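Please look over the sequence and the model below before reading on. The notes that follow are grouped by topic, so that each can be checked against the coordinates in turn.

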Amino acid sequence: MNPATTTLKTLQVRIRDKHAPVLRQWAFECNQVWNFANAYTAEYSNIPIPGVGWVRSNITAFDLAKQQAAYKKERGFTLHSQTVQEVTEAHAKARKQFKKDKLRWRISGGSQRSLGWIPFKSGAAVWKEGQVRYNKHFFKVWDSHGLSQYAFRSGSFSEDARGRWYFNVVVQVEVATHESQTAIGIDLGLKTTATCSDGTVLERQQRYRNLEVKLGKAQRAHQKRRVKAIHAKIKHQRKNDTHKFTTALVQQHGVIFVGNVSSAGLAKTTMAKSVLDAGWFIQRST
């Protein structure tokens with residue numbers, strides 16, 4: 001591929017449910033690695049320096065590398081060494097971003113548990129024999145992207161609220177070029193989700209409102225699996241409608257302008273349900 005005509009894209013495919021046990025074990029180990037880094041940096045920041053006083057920790061991921069390797073060996077973790085490094089680097093990056101020495105703990109059980117997350121570096125996962133090979137394990141997936149044609153870069157295994165696992169990987173793809181030089185503007189709203197300057201309209205579907213009664217019944221009956229399934233259905237419908245709409249615009253126009261609407265501010269008003277159901281962020285990011 002010519003670097004000038006390529007870009008990076010993240011592909012996501014679902015993993016067969018039979019692989020969930022090993023992924024949950026690795027996710028637990030990732031949480032422990034994260035929490036070890038969290039405890040180490042928090043303890044270091046509580047040591048005052050004579051003549052200076054209390055200062056923020058400047059421990060980097062490189063500084064923690066030896067401690068994390070020893071911790072992994074002591075606990076008998078089966079995690080890939082690159083995953084341990086990636087978790088540690090993610091922790092260091094988050095501390096720098098939020099300017100904190102102690103972040104939130106990753107919880108492995110209970111109602112507040114963190115969703116499974118297993119990151120990996122470029123080269124750790126490969127496509128082999130029609131499956132994803134990672135850390136000496138083969139994972140069958142529903143391959144909707146034709147993964148065999150791509151060279152895997154970095155990525156992660158992630159879990160959703162329903163306990164389903166996904167393989168997310170960054171790949172290099174060719175950039176689709178379009179001859180059109182026309183421009184179009186999009187006005188985001190609630191009566192119509194999006195209205196274009198040429199008259200094209202994305203009608204309001206009221207996805208949440210349409211399933212609100214069923215969702216309420218499931219919540220009152222404490223049917224947790226049903227509640228998660230309804231939320232997932234709403235999310236997928238919104239994503240599908242939005243992507244169809246934005247893809248058509250991208251294929252027809254060279255420049256697209258989107259109105260600046262503060263969804264975060266409007267979500268604090270009485271219009272919160274309608275604002276969140278509109279999915280403005282998805283439209284602006286795609």
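**Strand 8 and its partners**

Strand 8 runs parallel to strand 11 (residues 255-258), and the two are joined by 4 bridges. This is a predicted model, and the points below should be read with that in mind. They begin with strand 8, then turn to a small sheet, the nonpolar cores, one buried polar residue and the salt bridges.

- Within the pairing of strand 8 with strand 11, Ile 184 stands opposite Ile 256 of strand 11.
- Strand 8 also pairs with strand 9 (residues 192-196), here in the antiparallel sense and through 3 bridges, and in this pairing Ile 186 has Cys 196 of strand 9 opposite to it.
- The connection from strand 8 to strand 9 is a hairpin that passes through 3 residues.
- Strand 8, which spans residues 183-188, has a covered face made up of Ile 184, Ile 186 and Leu 188, whereas Ala 183, Gly 185 and Asp 187 make up its uncovered face.
- As general background to such a pattern, the side chains of a regular strand alternate between the two faces of the sheet.

**A three-stranded sheet**

- Strands 3, 4 and 5 form an open sheet in the order 3-4-5, and the pairing in this sheet is antiparallel.
- Strand 3 (125-128) and strand 5 (137-139) are the edge strands, each of them pairing on one side only.
- On average, and with direction ignored, neighbouring strands of this sheet are turned by 35 degrees against each other.
- Strand 4, covering residues 131-134, is paired with strand 5 in the antiparallel sense over 3 bridges, and the bridge partner of Val 132 in strand 5 is Phe 139.

**Nonpolar cores**

- The largest nonpolar core contains 33 residues, and the ones with the most contacts inside it are Ile 118, Tyr 134, Phe 157 and Phe 167.
- At least two residues of this core come from each of strand 1 (6-14), helix 1 (20-45), helix 3 (81-98), strand 2 (117-120), strand 4 and strand 7 (165-174).
- Among the contributors, helix 1 gives the most to this core, with 7 residues.
- Tyr 134 touches a set of residues beyond four places away in sequence, including Trp 26, His 80, Ile 118, Phe 120, Phe 139 and Phe 157.
- A second core, separate from the one above, has 9 residues, among them Leu 188, Ala 194, Phe 245 and Val 261.
- In soluble globular proteins, nonpolar side chains tend to be buried together.

**A buried polar residue, Asn 168**

- Asn 168 lies in strand 7, and it counts as buried because its relative accessibility is 10%, where the cut-off for buried is under 20%.
- The side chain of Asn 168 makes a polar contact of 2.8 Å with the side chain of Gln 12, and a polar contact of 2.8 Å also joins the side chains of Asn 168 and Ser 158.
- With neighbours within four places in sequence left aside, the residues in contact with Asn 168 include Thr 10, Leu 11, Phe 120, Gly 155 and Phe 157.

**Salt bridges**

- The structure holds 4 salt bridges.
- In one of them Asp 17 is joined to Arg 14, with the closest N and O atoms 3.0 Å apart; Asp 17 counts as partly exposed at 46% relative accessibility, and Arg 14 is partly exposed as well, at 22%.
- Glu 89 and Lys 121 meet through their side chains in a salt bridge of 3.0 Å, N to O.
- That pair links distant parts of the chain, since Glu 89 is in helix 3 and Lys 121 is in the loop between strand 2 and strand 3, 32 residues apart.
- Glu 89 is partly exposed, with a relative accessible area of 36%, whereas Lys 121 is buried, with a relative accessible area of 19%.
- Glu 86, Glu 89 and Lys 121 are linked in a network of salt bridges.
- Arg 113 forms a salt bridge with Glu 159, whose closest N and O atoms are 2.9 Å apart.
- Arg 113 lies in the loop between helix 3 and strand 2 while Glu 159 belongs to strand 6 (residues 155-159), so this pair ties together parts that are 46 residues apart in sequence.
- Arg 113 is partly exposed, with a relative accessible area of 33%, whereas Glu 159 counts as buried at 8% relative accessibility.

Technical notes
Residues are numbered from 1 along each chain as its sequence is written. This is a predicted model: local features need pLDDT of at least 70, side-chain atom pairs count only at pLDDT 80 or more; totals for chains, interfaces and linings use all residues. Side-chain values use heavy atoms; hydrogens and water are left out. Two strands pair if DSSP finds at least two bridges between them. Axes are lines fitted to C-alpha atoms, for helices over the stretch in contact, and angles run from 0 to 180 degrees between N-to-C directions. A nonpolar core is a set of buried Ala, Val, Leu, Ile, Met, Phe, Trp, Tyr and Cys residues joined through side-chain atoms within 4.5 Å. Buried means under 20% relative accessible area, exposed over 50%, partly exposed in between (1.4 Å probe, protein chains only). Contact means heavy atoms within 4.5 Å. A polar contact is a pair of N or O atoms within 3.5 Å; within protein, one must be able to donate a hydrogen and the other to accept it, and residues adjacent in sequence count only if both atoms are side-chain atoms.
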